[in-house]
Amino acid sequence: MATYLIKRFFAMIVTLWLIITLTFFLMHALPGSPFNDERNTSEAVQKNLIAHFNLDQPVSVQYIEYLKSIVQFDFGPSIKKSSQTVNDLLGRGFPVSFELGMVTLVVAILSGILLGVLAALKHNGVIDYLAMTIAVLGISVPNFVLATLLIQQVAVNWELLPVATWKSWRHMVLPTLALATGPMAIIARLTRSSMLEVLTQDYILTAKAKGLTPFKIVFKHALKNALLPVVTVLGALAAGILTGTFVIEKIFAIPGMGKYFVDSINNRDYPVIMGTTIFYSALLIFLLFLVDVAYGILDPRIKLHKKEGR
Amino acid sequence: MEKILQVKNLHVSFRTYGGEVKAVRGVTFDLHKGETIAIVGESGCGKSVTAKSIMGLIPNPPGKITDGKILFKGKDLAKLPDRELRKIRGADISMIFQDPMTALNPTLTIGEQIMEGIIQHHKIARSDARKKALEILELVGIPSPKSRLKQYPHQFSGGMRQRIVIALALICEPEVMIADEPTTALDVTIQAQILDLFRDIQKKTGVSIILITHDLGVVAQVADRVAVMYGGKIIETGTKREIFYEPQHPYTKGLLNSVPRIDIEDAELVPIAGTPPDLFAPPAGCPFVARCEYAMEVCDRIYPTQTLKGNEHQVYCWLQDVRAKTSFATKW
Amino acid sequence: MEAPKQQDTSYTQPNILDEWFVPKKANKDDAEAVVRPSVSYWKDAWHRLLKNKLAMLGLVCLVLLVLMAAFGPIIAPDSAKTTVLQNQNQPPSFEHWFGTDELGRDVFTRTWEGARISLFVGVMAALIDFIIGVTYGGIAGYKGGRTDHYMMRFVEILYGLPYLLVVILISVVLEPGLFSIIIALSITGWVGMARMVRGQVLQIKNYEFVLASQTFGTKTSRIIRKNLLPNTMGPIIVQMTLTVPSAIFAEAFLSFLGIGIQPPYASWGSMANDALPVILSGDWWRLFFPAFFISLTMFSFNVLGDGLQDALDPKLRR
């Protein structure tokens, strides 16, 4: 397990380095970017840029210095607002996005697993068909479509919930729903098929032969095994939710990191795009690492391969 | 001898897309206290289904006990609701499955898996359950059981796992243990060890065993009595000696001839030609008729009546009828 | 032979006749009966797909969508084709079947023009994934050993990159437009296909029938063509069917963020984006039609992909 973790950690660092390098050189290759062209930036901003990115130095020095600043969690200035840095934006926007993302993740996982388990236990029953219809629709309808439909129906036509912004729990309902439906559908489908397979396994028959109650059979013996494949997709789902926050925050005018990121894309605020991309990548890669660790803890067989190797 | 379990005229069917499969069609046998009865037959003959019906483990739907009785301690298990049956499963009657590699839950420690049965049935404290688990692991021959309780199934070899599966089945001190092909998935040397273990356990605990197998070698080692199944029916039953030395049914003879023997020199191995009957539309007469070299017109039409050859020895074959003696005078 | 009273073999004790105790005449039916007609793999898979109602629904929808993408803009009423600024934000009518947008353009026409772009992006992305992924994965799997090791290390690193973030980054850097989107989608999109193909090839390479043809001295190219390709085709097709909707989604996502298709061209994503400011004023048709057709397309590809997966899985063959 330890060697495996070290290996994975090393791979994580390499991937991160690749992302930073890719971002750095893409931004420098860009015609019209402030790294090459000084015309469309104000003087104050220009000074910031030169100071932070060492633009008066050769590219190799710039690159080394940039790597250094990233390691120190310094993502650089904005070129649209001279007084603002990417770190300021992260500090303001990230807590909001994190809240949205976490609530969504929890809702998606819990409801997805519940739906999947119910569907599997009532295989080919009404609940199964209902759950799978919801799942197929959830996968088919993009989150921005769902979000706008929800606003139009629930907020505008029925006036049940607020249209936008992020103030109370009532503001959170629609964005969370719009963002969670897709991942929930994926988890529900995966849980269902995995649960159906697990329920045919011999050890379930053994558990039945012991005279255990159906409740214990499902929740103690089947669920843990059925959830192993679900854990493996959590990293990808987190990535989906994260990119999903871009559009959801834009639609609901939520002052989160995603909204700032989209604004920076539309304004061509390159240092912000660069800094945010790297920050997000680091976050996601770290999440993938955590998922791998979690999998190792959940499945005792993984540990063995590394430790006792029989 | 005391009859501990009686199966009477058991019928089990499965509803499938292709129609109704009549997997078990009128199986009757008794299990006496402390004995081992072997149910023998090739795959698809209904022996596993019979075993699972006793435990109430036939998946319903599609499976269903359509007729017959399973009497245990004055109760008919075939009609018992699942809630009642659960109290008997694992506590009074337990079951061992074929493949020890898949019969244990890979994500739970073996201690947990052994203990949960007795905690479920006897509502005892975990520390007591642990003590009991250690005892039982000792009984089934797991060395240093204390350290092994915390381990997971993948940390054991196939033979060790089968011992653990047997331990799970024994923890509540059941009166009946059903073993469904318990040695099929194991190496030959391990097979012998496990069969020794069965005899040893029976001596120590007095448990009655129903052994489901297709392997006559296994039968020879541990069974007291044998029931031969074919096409969802028991076609011959008797003591081990009777079945091995005085087989009456052509199918039983065929089975014995298809197994290598060292007690008869130059014995030729003769496979039984053909395949078992289609249980979607089981034949009205003897199920073995299509593969039987002594088949008569009557065999096609009517299921044979029972012939008693000894106290315990029963056979269902028209060749036993006086009228058949003349037809095959030369051959039979 | 004669049965004087009855032929009935019911379960009540029937009359057993002495003459029935004679050796049975050989019956042809008894010997090794029931030989199933052999059906080729693809035919069998096609039959299974035909039986899957949901997958067939998806297929029919896709055919209709493609037909409408091709002919939709042509069949709109002639009067709808000229943009009249005064006709802005009209609800659906006899003239404008899906209404008009804020510039007075016909939403029906634009929807099908958008369909062309969405479908084109999806199919192109899947094709590029196919070409790069199958070549890369095929070589890695077939060569094995060190080549495989290094090729797969590279793939693993790419696989660790967050897909949509890379796509956004590339789209920001490139001139916005159709081909930039396709390049952005393909730049790491093929990785999944490569991994899958490599796994399949590694597995099939060791099957006896491949080893057998190697011992006969069959040429490598022939082994790849005759053995490896047909046996990996099923999973590849499934993967492609599922790549198309994810590419369509990614394009819509980019266009919705404003870094995808640029005006005057439209895609379903950019149309939904344009409709965002007006949904509060109740102009539902602006959003509804592009949203509906994105969802329908994703639905159709997803259920068709699922159906193909079930149909092409040889393990399910009975």
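**Group meeting: a walk through the three-chain model**

In this model, A:Arg189 and C:Asp306 join their side chains in a salt bridge, at 2.8 Å from N to O. Before going further: the model is a predicted one, and everything I say about it is computed from that prediction.

I start with that pair since it sits between two chains. How many salt bridges are there between chain A and chain C? The count is 1. The contact itself involves 41 residues of chain A and 34 residues of chain C. Together the two chains bury about 3,400 Å² between them, and carbon and sulfur atoms give 81% of that area. On the chain A side, the residues that lose the most area to chain C are A:Ser140, A:Phe144 and A:Gln152, which together make up 16% of what that side buries.

Now chain A as a whole. It has 12 helices and 0 strands, so its pattern along the sequence is α repeated from start to end, α-α-α-α-α-α-α-α-α-α-α-α. The C-alpha trace of chain A spans about 80 × 60 × 30 Å along its principal axes. Of the 310 residues in chain A, 51% are buried. Chain A exposes about 14,000 Å², with 67% of it supplied by carbon and sulfur atoms. Looking at contacts in chain A between residues at least 6 apart in sequence, 71% of them join residues at least 24 apart.

Next, chain C, and three places in it. The first place is helix α11, residues 284–312. Its 29 residues should span 42 Å at 1.5 Å a residue, and the end C-alpha atoms are 41 Å apart, which agrees. Is this helix largely enclosed or largely open? Largely enclosed by the rest of the structure, because 22 of the 29 residues of α11(C) are buried.

The second place is C:Asp148, in helix α5 of chain C, residues 145–160. C:Asp148 has a relative accessibility of 8%, and so counts as buried, the cut-off being under 20%. What is C:Asp148 in contact with, leaving aside its neighbours within four places in sequence? The contacts are C:Ala140, C:Gly141, C:Arg198 and C:Leu202.

The third place is on the surface. C:Val60, C:Val63, C:Leu64, C:Leu67, C:Phe71, C:Ile74 and C:Ile75 form a nonpolar patch there, with about 650 Å² of accessible area together. One of these residues, C:Val60, lies in helix α2 of chain C, residues 53–75. At a relative accessible area of 46%, C:Val60 is partly exposed.

On to chain B, beginning with helix α6, residues 158–170. This helix has 13 residues and reaches 19 Å from its first C-alpha to its last, close to the 18 Å expected at 1.5 Å a residue. Since 12 of the 13 residues of α6(B) are buried, the helix is largely enclosed by the rest of the structure. The buried residues include B:Gly158, B:Arg161, B:Ile164 and B:Leu170. What covers the buried residues of α6(B)? The cover includes α8 (202–209) of chain A, and from chain B it includes β6 (93–96), α3 (110–122), α4 (126–139), β7 (176–180) and α7 (188–205).

The last topic is salt bridges. Side chains of opposite charge can pair when their charged atoms come close. Over all chains, the count comes to 25 salt bridges. Here are some from chain B.

B:Arg89 and B:Asp82 meet through their side chains at 3.4 Å, N to O, in a salt bridge. B:Arg89 is buried, at a relative accessible area of 4%, whereas B:Asp82 is partly exposed, at 36%.

B:Lys131 and B:Asp128 form a salt bridge at 4.0 Å, N to O. Both residues lie in helix α4 of chain B, 3 residues apart, about one turn of the helix. B:Lys131 is exposed, with a relative accessible area of 55%, and B:Asp128 is partly exposed, with 37%.

B:Asp196 and B:Arg199 form a salt bridge at 2.7 Å, N to O. Because they are 3 residues apart in helix α7 of chain B, about one helical turn separates them. B:Asp196 is partly exposed at 41% relative accessible area, and B:Arg199 counts as partly exposed at 36%. Elsewhere, salt bridges that share partners join A:Lys210, A:Lys220, B:Glu112, B:Glu116 and B:Arg126 into one network.

Methods
Residues numbered from 1 in each chain as written. Chains lettered and ligands numbered in written order. Predicted model: local features only at pLDDT ≥ 70, side-chain atom pairs only at ≥ 80, totals over all residues. Heavy atoms only, no water. Patch = residues over 30% accessible without salt bridge, like charges linked within 9 Å, V, L, I, M, F, W, Y side chains within 5 Å. Areas by Shrake-Rupley, 256 points an atom, 1.4 Å probe, with all protein chains shown as cover. Helix = DSSP H or I, 4+ residues; strand = E, 2+ residues; numbered from the N terminus. Buried < 20%, exposed > 50% of the residue type's maximum accessible area, 1.4 Å probe, protein only. Expected span 1.5 Å × (residues − 1). Contact = heavy atoms within 4.5 Å. Buried area = accessible area lost by both parts, 1.4 Å probe.
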